[in-house]
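Welcome! Here are a few short exercises to work through with the structure open beside you.

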Amino acid sequence: GSAASRAIVYGGGIVSGNGRVGGLHVRRDGIVSPGNSIGTLTVAKSDAAGTGNAVFEPHSRLAIEIDGQGHHDVLKVENEAQIHGGVVDVGIGSLSRPQLAQQVRQSTHKPYAILTAGAGVTGTFDQARLDMDLPFIAAGLRYSSQTVGLTLGRNNLAFYDVGQTHNQKQIGSGIESLTPGLPLYDALLTS
């Protein structure tokens, strides 16, 4: 749907779905979740002053979902996006393990453009976090003048580090030396 006026999202509130709003101001503990599964929420510019802008206050949240084919939610801001902290929550729970491994390989080189702003992005989110606990994968954010990009990547925890016995540590080291994309490597990466 569409709303011509500015949406203010207070703590505990959520704006979600596909469509258009005239402006967006997300306060502490407010959530913006573009799409209905996968989709785009547009913050539209009009002739009225101040339209087309999005503001994220500290402790606000942007919820993004990624599917197995690499499609993802987008917040499209036609004017300016001002980010004063907050968290990007990344939904990957619907991905199979092989799909997740593939998305890790792809997004490292080509981040998902989760927020675009025609008049620019100022500020940064505090962090991106996954909706499931994966010891070897972390979400990251990359910024350009008009885009916030999301990556899923290998974190700094070595496979060796989780082994409890000498044999487990040696097996972890051996698997770590394999090429990403091989089934054994990907199985441990996404475990």
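**Exercise 1.** Is Asn155 buried, partly exposed or exposed?

*Solution.* Keep in mind that this is a predicted model. Begin with the place: Asn155 is found in the loop between β15 and α2. Next, take its relative accessible area, which is 22%. Buried would need a value under 20%, and exposed one over 50%. Asn155 is therefore partly exposed.

**Exercise 2.** Find what Asn155 touches, leaving out residues up to four places away in sequence.

*Solution.* The list is Pro135, Phe136, Ile137 and Ala138. Now look at the side chain: that of Asn155 reaches the backbone nitrogen of Leu157 at 3.1 Å.

**Exercise 3.** Work out whether Thr42 is buried or exposed, and name its contacts.

*Solution.* First locate Thr42 in strand β5, residues 40-43. Its relative accessible area is 9%. Since buried means under 20%, Thr42 is buried. Setting aside neighbours within four places in sequence, Thr42 is in contact with Gly19, Arg20, Val21, Lys76 and Glu78.

**Exercise 4.** Describe how helix α1 is placed, starting from its buried residues.

*Solution.* Helix α1 covers residues 97-109 and reaches 19 Å from its first C-alpha to its last, close to the 18 Å expected. Buried in α1 are Leu100, Ala101, Gln103, Val104 and Ser107. Seen down the axis, these fall within an arc of 160°, so they line one face of the helix. The buried residues of α1 pack against β11, β14, β15 and α3. Finally, turn to the face pointing away from the buried side: there you meet the exposed residues Pro98 and His109.

How values were computed. Residues numbered from 1 in each chain as written. Predicted model: local features only at pLDDT ≥ 70, side-chain atom pairs only at ≥ 80, totals over all residues. Heavy atoms only, no water. Helix = DSSP H or I, 4+ residues; strand = E, 2+ residues; numbered from the N terminus. Expected span 1.5 Å × (residues − 1). Buried < 20%, exposed > 50% of the residue type's maximum accessible area, 1.4 Å probe, protein only. Arc of directions from axis to C-beta. Contact = heavy atoms within 4.5 Å. Polar contact = N/O pair within 3.5 Å; in protein donor to acceptor, adjacent residues only side chain to side chain.
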